[in-house]
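Reader: Got a minute to go through this one with me? Let's get it on screen and start with the helices.

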Amino acid sequence: MHQGDKHVSAPKPGGLKLWRPNGRIPDTYLSLVERTAVLSPLMGKIQDVQADVPALAASLSARWRSRVNELCEHNVLMQMTRKESTRRADDERVLTPDQRQERQKWLMLNCKPAFYMSKEQGWYCRNPALCPYCWARDASALWQRIDARLFALNNAVRIELGRTADGINARGLDLGGGDEDLLPPKLNGTTALLVRIPVIVSRTVQRGGTTFNMLQCALQQRTKVRAARATSPGTVRGRYVDHTKFMQEGCFGGLESIGLRSQASEDVEGDFAWQVTLKQLLFVPSEKTSTFAGLVKGVMPATLRDKISVRLHKEPSRRLVALLVAQIMQYDKLFLFGEPEQALAALQARWRCRLTTTFGYLYGRNS
Ligand SMILES: [Zn+2]
């Protein structure tokens, strides 16, 4: 322990907060995205929002808290504190790794839940890489931005109606599916393509006495496949080469994220076989649907083409877009249920990789 500096205050465990919903559970598109991306895949189906959400959220809270303790015991939370040396105030930089992890633990244990408004005041741990609540909030923020882009005409109407006390757009409270649920005229004749591209990699590969982290290589390869400075003809600097191809063919815009799953490897003891899934949502002109169904496979290596699945949704409604974005942004279960070593391997591999990106008309600063 670091005892020498009297200015250092060790993080104080503050006890567990009791989170309770404040009144009605919101049934907005925003909360629909949070539930679909995180709560139902982790905890089970939601049939009755008012009854099921508080019950499932309570189960998630219990699981999350025992998970945080478990990950702390395995020193997994050390990974989350790596960025602190540059972000925190000077006197906090001298905390030992153990102290930083302990403080991180309490931030995560008491992170304010998503899915409903709470009676108690609280704060966010701001670690969406691991925390299901912060992940849900990031997913719904991303959906809000995409929604604003796609349904901009309708947003003008919604802004006029003003905001409710809890900051939720008044129109957003209505799940009735009126005119505001339709794509604006500019987007008539648009089809949404939901694309899933599974890539299997082992975690490690030995070559000539060197160990390569293949999961990290796969993620970095995908998240950094941007044309290099010396841009060759036909590529655009700073863009994914295949996304650029989609745009050249008339794609309106899209969203991509990467999901991670793993199981113990059959070949190497202590290693994991990882499934890295590239998930894409593309908005394309309906008359070009078959061109794009071929193109999404054509731009991938031949070995992957047979495994790629493409689902079509003609003229998607606002509600359907919310659900599709939530599917792309689904929380990876292994962070809550996998072996601590799996969670650590995944966190380390995706460290500094931006797994979610938008392009074309959906492009925005916070993607
Ligand atoms: Zn959090």
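Reader: How far does helix α5 reach from its first C-alpha to its last?
Author: This is a predicted model. In it, α5 covers residues 97-109 and reaches 18 Å. That is close to the 18 Å expected for its 13 residues at 1.5 Å a residue.

Reader: Which residues of α5 are buried?
Author: R100, Q101, R103, Q104, K105, L107, M108 and L109.

Reader: And W123, in the loop between α5 and α6: buried or exposed?
Author: Exposed, because W123 has 10 other C-beta atoms within 10 Å, and the cut-off for exposed is 12 or fewer.

Reader: How far is W123 from K112?
Author: Their C-alpha atoms are separated by 5.7 Å. Along the chain they are 11 residues apart.

Reader: On to α6. What span should it have, and what does the model give?
Author: Helix α6 runs over residues 132-150. Its 19 residues should span 27 Å at 1.5 Å a residue, and the end C-alpha atoms are 26 Å apart, so the two agree.

Reader: Is α6 mostly covered or mostly open?
Author: Mostly covered. Of its 19 residues, 14 are buried.

Reader: How does α1 pack on α6?
Author: At an angle of about 140°, with the axes 8 Å apart. The crossing is right-handed.

Reader: Which residues meet there?
Author: From α1, L30, V33, E34, A37, V38 and L42. From α6, P132, W135, A136, A139, S140, W143 and Q144. The residues of this contact divide into 10 nonpolar, 2 polar and 1 charged.

Reader: What about α1 with α11, what's the angle?
Author: About 35°, between α1 (residues 29-43) and α11 (residues 318-328). Their axes are 8 Å apart. α1 passes α11 in a right-handed crossing.

Reader: Which residues make up that contact?
Author: Y29, L32, V33, T36 and A37 in α1 meet R318, R319, A322, L323, V325 and A326 in α11. These split into 8 nonpolar, 1 polar and 2 charged. V33 and A37 appear in the α6 contact and in the α11 contact.

Reader: V321 isn't on that list. Where is it, and is it buried or exposed?
Author: V321 lies in α11. V321 counts as buried, because it has 24 C-beta neighbours inside 10 Å, and the cut-off is 20 or more.

Reader: What does V321 touch?
Author: D147, L150 and P316, leaving out residues up to four places away in sequence. The C-alpha atoms of V321 and I146 are separated by 8.9 Å, with their positions 175 residues apart along the chain.

Reader: Zooming out, how many helices and strands are there?
Author: 13 helices and 7 strands. Buried residues make up 34% of the 367 residues.

Reader: How many of the contacts are long-range in sequence?
Author: Take contacts between residues at least 6 apart in sequence. Of these, 69% join residues at least 24 apart.

Reader: Now confidence. What's the average pLDDT?
Author: 81, and 78% of the residues score at least 70.

Reader: Where is it below 50?
Author: Residues 154-179 are one such stretch, with 27 contacts in the model beyond near neighbours in sequence. Residues 226-238 are also below 50, with 12 contacts counted that way.

Reader: How should I treat those coordinates?
Author: Where pLDDT is low, predicted coordinates should not be read in detail.

Key. Residues numbered from 1 in each chain as written. Predicted model: local features only at pLDDT ≥ 70, side-chain atom pairs only at ≥ 80, totals over all residues. Axes fitted to C-alpha atoms, helices over the stretch in contact; angles between N-to-C directions. Helix = DSSP H or I, 4+ residues; strand = E, 2+ residues; numbered from the N terminus. Left-handed = near helix turned anticlockwise from the far one by under 90°. Contact = placed C-beta atoms within 7 Å. Nonpolar A, V, L, I, M, F, W, Y, C, P; charged D, E, K, R; others polar. pLDDT = per-residue confidence, 0-100. Expected span 1.5 Å × (residues − 1).
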